[in-house]
Every structure is written in C-alpha cells, then in structure tokens.
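Let's take a walk through this structure together, one piece at a time. Keep the 3D view open and turn it as you read.

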Amino acid sequence: MSGQGGQDAKFFQRGKIQEFRAELEAAESKDKKFTKRKTVLKKIVANITMGNDMSPLFTDVVQCLGTPLLEIKKMVYLFLVCYGRQKADQLHLVIPSFLQDCNDRNPLVRALAIRTMSYIPTPVVIESLTDQLRHCLKDRDPYVRKTAAICVAKLYAADPRKAEKGGFVEMLRDLLLDSNATVVANAVAALSEIGDRQDGVIFKLNLTVANKLLTALGESSEWGTIYILDSLLRYVPEKHSDAEMIAERVIAQLNHANSAVVLTAIKILLYLMNYMENRRLMEYICKKMGPPLVTLLSSGPEVQYVALRNILLIIQRRPAVLKNDVKVFFCKYNDPIYVKLAKLEIMYRLAREENAREVLAELQEYASEVDVDFVRKAVRSIGRLAIKVQPAADACIQALLDLIETKVSYVVQEAVIVIKDVFRRYPGKYEGIIPTLCEHLDLLDEPESKAAMIWIIGQFANRIDNADELMDDLTYTFLEEPNEVQLALLTAAVKLFIYKPHSDTTKALVHKVLKWTTEEVDNPDLRDRGFMYWRMLAINPTVAGEIVLAEKPPITTDADRMDRGALDQLLLHTGTLGSIYHKNPETFIRGATGKALTDSPALNPLSRQVLVPVARTNLPPTTVKVPGPGPPEPTMSNATSQDLLDTDSPAPQVQNGAASSAAVNLMATGSSSQDTPEDGGEDDDAVPQAPASDPYAALDSAFGGYLADEPRPQNKDLLDMI
Amino acid sequence: MAIDGLIILDNAGRAIAQSGFHSFPPAYPLLHIDALNNALASAAHPDDVDPVLYISGINMDTPSACCHVKRGDLRYLCPVSGDVDPLYAFAFLQTFIEILHEYFGHVSAETLKQNFDVVYQLLEETLDSGGHPLTTSPNALRDIVIPPTLLNKVLSVAGVSGLATSSANSHPFASPIPWRKTGVRYNNNEIFFDVIETLDAVVNKNGTTAVSSVWGRVETNCKLSGTPDLLLTFSNASTLNDCSFHPCVRLQRWARDKVLSFVPPDGKFKLMEYRYVPISASSLNQVSVPFILRPAVQVDEHGGSIELTFSSRLTTRTMENVYVELYLGEGATGASCITSHSTSWSFNPRTLTLVWELRAVVPSASYTLRGSFTSTAGAPRPSRAFRVRFEIPQHNYSALKIEQLKLTGENYKPYKGMRGNSLGDIEWRW
C-alpha cells in the first residue's frame, strides 16, 4: 500500500478467480511484510464491492486469517460477512481463528471478532459466539463491552430462546449501570431493539433506572443520547412529580446540536406532559420547545421538511408552542416545493385574527409566484383563511377577486373552487360577487373548478339573471364532460328549473339533461340520479324543490382537525416515519409495534378519556421466561418478563401485566370513561368530544397528503345530490 | 431505532459504495437506487423530490423509505424500513459526509474510488450491520481507521509491521470522553474561534422587512494539549437565543449561568449555533438589511427589461462578494445589460438566472444595472424576488466578544483567537 495511495482505482478491474487463487498461493512464500497478500485481498474486496461473486475463494481467503495484521484481518472478516452464510458447511474451518481472535491482546481485534461472528448467524457460529460473548460483555475494555452489547441484540434476532436461556438479557441490564456512557447507550439500544420485536422481552424502565440513564446523557455521543432519550418512552410515570422531574432533566437536551436529538427530546417532553399536572411547568415546557423547532428550520431542506411535518402535528396538540411565530414559516421563493407546501399548511394552522393580515399578505405574494402547484395551494389557502378567520374574510374575498382579475387560468380556477366554500360558510354575505365569477366562465377548463362554478350557478340561479343562458352554454358539451361535471350540471339544471319553473328554456334544458343522463350515459351513478330527479319532479315538483334546495349545514374547518386520541398516539412517534406520513407505523410498516400511552395514576384525565389502545397483535402469553440471577425460580406467571427492569418490587403493577391483558385493560378504561366525560382543562383548544369509535376516521380527510386537506363539509356529496 | 444502511451514488445515479445490507435481500439496495433515480427523472426539478421517498417494496408487504441528500456531485441514500426517525438518518448522513471531508478533503466520485478501502473501513466502523451508528467522532475514528495520508507517512517512516500503527495506541476509546482522545500534545497551545453570522431576510415590495433573523455559528479549531477543561464567557451572551451546542458543552451550566463549560474535541469542530436577537427599544427586534435595492422589472412579450439600483446603507464598512440574482423564468434565452462602476453581470443558461456581481461595495455607494432579457416564452414569468447574497468581513451583527477563557485541568496558558464574519442571504421582492 505504501507509495501507492490514491491509486487504488486500479483494483477495480475484473479479476478471475483462478488468478486470485494463484496469487494468494504465491503470496504464501516470500511475503515478509504481507504486502502481496494485502494486494490480492484488496483486489478481491474491490471485486466484492463491484458485485462479482468471489465465494469460490472461500477456503483460500480464510487461510489468511492467521496473519497478524489488522488490515488483513479486516478484509478477511469483510469477506466472511459477505459469504459466510453461503458457505455454512465450511464455517467450522474458521471457528478456531475466531476463538483465538476473541482472546487477542488487542481490544480492536476482540471486538472485531465478536462483531463479525454476530453477523453470521449460522448455528455453528452462534454456538461458539455465546461463550465468547459472555466474556466480552465483562471485558475490561469499554470498546469491547459496547460492541458486545449490540451483538446481544443480533444473537437475540438469530435465536431468541438461546439468548434468553443464556442470561444475556440480564447481562445487558447490568450494563445499564456501566461506568462508561457509550456502553450504557449501546445496552439501551440493544434492549430497545429486543423490546421492539413482536416476540421480544418487554423492556420497561422504572424511575431509578430512568434517572441513572439520564445521568449518562452528559457523556454520551449524540447517538447514545438518542437511544437513551428514546428509551424513556418505556418509562410510565406513576406520579405527576416523577414525570415533571424527568422532564426538567430532559429540557437541557433541547439545546443539542444534533437535530435528531432535539426532536427525540421533544417527543419525550410531549409524552411526559400527558402525565403532568403542574400547569406552569407545562407552559414553560411549551415555551421551551418552540425555539429549537425554529432552529431546525435553519438547517438543510431535508431536515426542514421532517421538522415541518412534525411541527404540523405538534401545534395541533399544543397550539401554545409556536403561537407567535407564524413569520418563521414564510416561504422563500427558492425553497424546494415540499418545504413550501409544508410551510403553507402550517401558516394556515397558525393563522388567527391577530396575524391574519400578515398571513394574507404573504399568501397574496405566493399567488403570483412561478410554481403552479404552489400558486394553487396559496390561492386555496386564501379561501381557507376566509373560512377559518371570520374577521379576515372581507380582505380575503377582495384578494381572491383581485386574483381573478389576473385572468391566469389556474389561479381563477382555484379561486372559484374556494369561493364556493366561502359562499357556504357565510351564506347571504358575498353573493354580490357572482357576476364577476360568471365573466370568467370561459377560463375554467378543469373538472373541479367547472363543477364548482356550475354548483354556484345552480345554487344561486335566482340571483343570476342570465343563469339559463349560462347553463344552456355549459350543457352544450354535456356528453363530452367528465363525470364530476355531468353530475354538477344535472343537479344545477334541476335547481334552475325549480327556481324558474315557468320559463320555457329551463324546461327544455332540464328535459334535455334528464333525457341524456337516463338514455345516453353509461355511468350508473349519473343515470340513477337522473331517474330519481325525474320521478321527484314528476310526482311533486314542490316537494322536490324543498328537498333539492334544502338548507345546507354550515361549513366549518373542524373536519381538518385530527382526533385527540389519534394525535396523542401519533405524537409518540414524533420525528419518525409515522409522523411524516401522519399514519401510525403499524399500519404501513410490517412488524412495527404500535405505541400507545400507557395508563397510570398520573395520566391526565383527558388523555385517558381519548386513550387509543395499541393495535399490537398479541402473541399468546409466551414461553418467554427470564430467569433472574441466583437459583432458578419456580415457574411464575408471564409477569416475569415484564418485570425485567422493575426493581421497585411490588409497586402497583396493575397496568404492567402481560401485553395482552394490558391491551384489554386499556380498552376497558377507554370505554368506561366514556360515561364520565370530564374536561381535563387542557390548555389546548381541543374541545373534549366523545371518543369516536374509529379514531382514524377523520384522519384521511384531514391529512391525506396535501391535496385532500381543504375544508369540506362532511356529507357534501349526499347533500349536493339532493 | 436503526437505519438499514448507506449508499453513495455518483451524479449518474450509479452506486460508488454501499454498506453491507447483509440482513436484506440483495435487491434491496438496488430497489432504493432505482426508486430514487426514477423519482429524479420524473421530477420537474431535481430539488423537488421528496427527501423521504416512500418505497413500496418488492413484495407489497415490506414497504420502506429512502432518505436522501445531495452534497456536491454525490447523492447519499439512507434506506430505512422500521419506524425510524428520518432526522436520525439525515443526522447520520450529515455526520458521515463530514467524516469523509475530514479524511479526504475534497469529496468526489474520484476520491472515493481511489480510497475505497478507507471508505469501506469507515462504513464498517461508523455503522454496524444492524444499522446502529458506532464511532462517529473524528477524534476516536482516527485511532481505528487511519486516514490515507497519515497511513502512508507512518508506514514509510516505521518501515512497517502494520500492527505497529494500531499498537501505537492500543487502547482506542481509552478516553472516558467519546469526543476527545487522550495523549494529545502541542508545542503551542492555541484555540481559535470563528464566529460566522448569516442574516436571512425577506423584504417586501414596499421595502419593509417581512422576516429577518440572524443565525450564528461558532467554528472552533482547538490545538490544546492534554485534557483541558475550558470556561468561555461571552460579553453579551444574553442576545444569543435558541442555542444548540456540540455534545461537549455542559448544557446545565449554560442554562444556569450562560457560560460555556466544556472539554473540547481535538481539532476542528462546531462549538455552537445560535440565533441573534438584538435587544433594542424597537418592538421589532430585527436586524435591518444593510442595503436598499430599487428594482423595476417590466415583462413584455418574449422578454422584458430590468432596472436595478443597489445602495449600501453601511457608512463605514465595505460589503464584499455581493451577488444579485434573478431567475428569468422558463424559456429565458439571454440578457444584455449595462452595469455601473466595475461591477459585472452574467446570464447562466443552465439555471436561467441573471447574476449581477459586485465585488466590493464601498460605504454609502450606489450602483446600477440596466438591461433587458429575451425569452422563448410568450409571457415570461420571472421569479417574483431577487436573491441577494453578500459578505461583510471582520464584522458581526451581534458584536459578540469573548470576555474570558479560563482553562483548568492543565497548567499552561492557551493563546485564543477570535474572528468574525457576517454573511447575508436576502430575498427582495418586486
């Protein structure tokens, strides 16, 4: 290698197996400094990384393992990791070398050996690994101990029962009290990984251990900090004061430079707040959480994106967090589109009467941008703002009218779509602008906007002088229109006829449309609706009028708020994929365990009321048994596994039963408290509502991506149909 | 809580290096690479691809996500299949990229290929096959993966026996502090602080500032012997908000006394980041933008005209490397401009951007640019804002000063140096 650094590229040449074999043989003699072997091995490794199969060289390469040179060892181990499982029948050749390396003088070699062994989970290797691992977990060198801790998780993945029988889980638990912070963090990581498995030993923390872990935070690397913080989700506070004390110690981590640490800390704080009582402390925590979230926005666009999606969740549960910071979410024109859209959504959520003017000014600015998608969303947001903040409605409508004047097709279309909702939100207030809308009919060429405009014409046909002319023009292309527009045209034609039953044009029009829908259209929805209208009109036109023009329920923006229970649960996943997609991970990741708030005496009443039990597939109360230190215990109930870390012995264990009974418990609590809905006096504006049977019912409408989240009256289709 | 691995792609979307993925089917990394390449190919703008791509999996039952970033010419992918914090993936990618820079200086497809063995060793040591980051602090990594340059030097001097290199420090991680190695020695004990502050603002059409914030960071280069314990006091620490710190800083101490108490890593590291909020009588608490731009943009059929006046509001300092940019919209073909006093303009046909470059803007001076552009689009849609970047050397918006640097744990007196630099990135709407 010496003298040829920087020329390794030449190793990336396809080599032949025979050549390498010959070269390795040649290298066995007269290779004092092992340079020959090193060169050949390098070529082989280069070939592996190019995807060429080097497995025929197994026996030849393995012979190099005896070479007392770390660099060569590393390459051979890399080779073994790649082909070990393929060549399981020859692995016994390597075991002696493994054992020798596990007892090497150099801690790096010891660690490397057990790490490599844990990567090759074949029975032969696992067999010899278990003994070595036991020594390494007690090694005097922290590097070996921390590597061994992670290896336990691997061993568990390969053979859970063996790992449990071998007492490895207890040994990991002992490592939680290790003097070296990195070792502690890795033990936590390993226990968490085991605990996250569906068949794993459940990993819970008690107050003493939680406190110990927090002490280790000071000296941990950022990854260690993340593992330790994340594991705190496994601690269920029994008293308000415990939750508050832990939270106070976590707050300092909000100043960490690593964005993942910050978001994990926020997740824990949000979790602990469910168990708190001290209102002043909770306000303080909310105040403390805002700035670090804002700081995340000064990082790269990827981090911003993740942060924004999480902020969107957090502000729904704790609106106090960023209440006065709407300005930070103003978009820059060179932000990537995904950042802009996420910011826009948050701006809308944070809009209140006090800042509506600023927000509107920004939205107007965005409406003249270059990016079409973004412009559309901006225009739509103006309408949503009008619906959400009543005092700002006038200004918003004016803004929309100004936009319509630009005559940019997609701007006008979006404006028409939201104005329809505005009409429904403030009946009788803005109908004066209808003529302006009608002037721009010819700009509408997309189904959604066209349907919206047709709805407006039909609904307010009595206020539009030339409604029949307009409708006549619009129905001209009836048979070529998409379904959505045809449905709208049908309903509008009926409405028009009901408003003006004596006009010949309307009569002819409704007749024409009904005839088309019932005779020439294939779509069953349209046809059935046509028949229904026809009969209604035929039987009793007055009643038909009452039904079709019945008063519509007012539109609100409630539909886009998520259910509290679902929100609580999602927030346990703060920062994770679940929070990006706004879905619980067990619904889209196979093998993911769900998370749910666990009931405890300290859980605040409102959270308990909306508690959603975890959707964990409950395995039968397992054969999992963790014998404690000392003489073998008599077979106990399945509670043993859960007590793993509960060193406070007979503390109230009501909720810490087996997973299955816990889930049942939670459901019981959830339903029994339905009878006694009480306001927990939460600071957020969530109105306590009876828990819905399906807490995710509102989820799709609220968060199905960016496009489906405009306010929509529930049951709109049904009402429109009539 | 573990990522699946790491893949590095060159600018053509081909894999240069990747971690093991031993517990996954061989097609798994390819699936991610293909999904990303497809997403990039079908996106209107490569920057607009979602940074967390949802990947439905070979069999529909194993969905996963692909977190990716682009740095320089290379793309770094981080597949995740559990319910993992994507920030965790991004934080790891960022750390790994920083390590590559530490090791190779300039990182390109070429350097990575030339040093592939070091890259693979780094992958092995920083990420275990279960996806847990292992050793990522450069101080500790240097003990187990020898940087290419150092390796050559050691080998040529010691005349070999490879184990010699590691036995020189046979106890890696002997240090109880993960970020600092033991036994560091310098002849001159010195520590340098670079305070870099960036003004990030949006200015409305009417010249009022819509948003403005100053983000600061303190880059440190530490060359101190032994295990020094430092206590750093700033003269105006109360104006520093929303601070985030390197893991070495004792957070409780900062919360209590607003002083930085830490045992620094050896070498270069980022000590802290903050947001500067001036304490002033005005309710706005904003730093004002140090220039005025008077734009007049007229868009006509197939083109338009631009008139710009840039005036410095600084009275004593010079602004340097000022760039005023305007994206001219889809279809822009060219521009021709006249600029005043030794400033220059250019049109970048790749990004369709007009750039006006002002090397040095002397205090209170005004500069103008007048010109027109052409476009194939009937109604060109240039972006609604100018982007202005600038630099003010030897200056800090916050006027941050070190009041005191106390050292305990070692008995020497360190030399301390501090340097300020202010940057700006302003969006000016028209």
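**Starting from one valine**

Val49(B) has a relative accessibility of 7%, so it counts as buried, since the cut-off for that is under 20%. Keep in mind that you're looking at a predicted model. To find this valine, go to chain B and look in the loop between α1 (27–42) and β3 (52–55). Who sits around it? Setting aside neighbours within four places in sequence, Val49(B) touches Ala39(B), Leu40(B), Ala43(B) and His68(B), plus Tyr338(A) from the other chain. Take His68(B) as an example: 19 residues separate it from Val49(B) in sequence, and their C-alpha atoms are 9.6 Å apart in space.

Now move along chain B to strand β5, residues 74–80. Is this strand buried or exposed? Seven of its seven residues are buried, so the rest of the structure largely encloses it. You can check this face by face. On one side you'll find Leu74(B), Tyr76(B), Cys78(B) and Val80(B), on the other Arg75(B), Leu77(B) and Pro79(B), and all of them are buried.

Which strands pair with β5(B)? One is strand β1 (residues 7–9) of chain B, which runs antiparallel to β5(B) and is joined to it by three bridges. Within that pairing, Leu9(B) has Arg75(B) as its bridge partner. Another is strand β4 (residues 64–71) of chain B, also antiparallel, with seven bridges to β5(B). Here Cys67(B) stands opposite Cys78(B). Follow the chain from β4(B) into β5(B) and you trace a hairpin with two residues between the strands. Gly72(B), in the turn, has a positive phi of about 65°.

Next, let's see how the two chains meet. The size of an interface is often given as the accessible area lost when the parts come together. For chain B and chain A, that buried area is about 8,100 Å², with 58% of it on carbon and sulfur atoms. Each side brings plenty of residues to the contact: 94 from chain B and 94 from chain A.

Some of the links across this interface involve charges. Side chains of opposite charge can pair when their charged atoms come close. Between chain B and chain A there are six salt bridges. One of them joins Lys332(A) to Asp200(B), with the closest N and O atoms 2.6 Å apart. There are also 20 residue pairs in polar contact across the interface, counting pairs with both residues at pLDDT 80 or more. On the chain B side, helix α2 (residues 86–104) gives the most, with seven residues. Sort the chain B residues that touch chain A by type and you get 44 nonpolar, 27 polar and 23 charged.

For a view from chain A, pick out helix α19, residues 356–366. Its buried residues are Ala356(A), Val359(A), Leu360(A), Glu362(A), Leu363(A), Glu365(A) and Tyr366(A). What covers them? The cover includes α18 (337–350), α20 (372–388) and α21 (393–405) of chain A, and chain B joins in with β7 (209–223) and β21 (415–429).

Finally, let's go back to salt bridges. Over all chains, the count is 40. One example in chain A is Glu127(A) with Lys162(A), whose closest N and O atoms are 3.1 Å apart. Glu127(A) sits in helix α7 (residues 123–136) and Lys162(A) in helix α9 (residues 160–165), so this pair links distant parts of the chain, 35 residues apart. Glu127(A) is partly exposed at 47% relative accessibility, and Lys162(A) is partly exposed too, at 25%.

Another salt bridge brings together Arg380(A) and Glu448(A), at 3.3 Å from N to O. Arg380(A) belongs to helix α20 and Glu448(A) to helix α24 (residues 447–459), so the pair ties together parts of chain A that are 68 residues apart in sequence. Arg380(A) counts as buried, at 10% relative accessibility, whereas Glu448(A) is partly exposed at 29%. Which residues are linked with these two in a network of salt bridges? The network takes in Arg376(A), Glu414(A) and Glu446(A) along with Arg380(A) and Glu448(A).

Methods: Residues are numbered from 1 along each chain as its sequence is written. Chains are lettered from A and ligands numbered from 1 in the order in which they are written. This is a predicted model: local features need pLDDT of at least 70, side-chain atom pairs count only at pLDDT 80 or more; totals for chains, interfaces and linings use all residues. Side-chain values use heavy atoms; hydrogens and water are left out. Contact means heavy atoms within 4.5 Å. Buried area is the accessible area (1.4 Å probe) that two parts lose on being put together, summed over both. A salt bridge is a side-chain nitrogen of Lys or Arg within 4 Å of a carboxyl oxygen of Asp or Glu. A polar contact is a pair of N or O atoms within 3.5 Å; within protein, one must be able to donate a hydrogen and the other to accept it, and residues adjacent in sequence count only if both atoms are side-chain atoms. Helices (H or I, at least four residues) and strands (E, at least two) are DSSP runs, numbered from the N terminus. Ala, Val, Leu, Ile, Met, Phe, Trp, Tyr, Cys and Pro count as nonpolar, Asp, Glu, Lys and Arg as charged, and the others, Gly among them, as polar. Buried means under 20% relative accessible area, exposed over 50%, partly exposed in between (1.4 Å probe, protein chains only). Two strands pair if DSSP finds at least two bridges between them.
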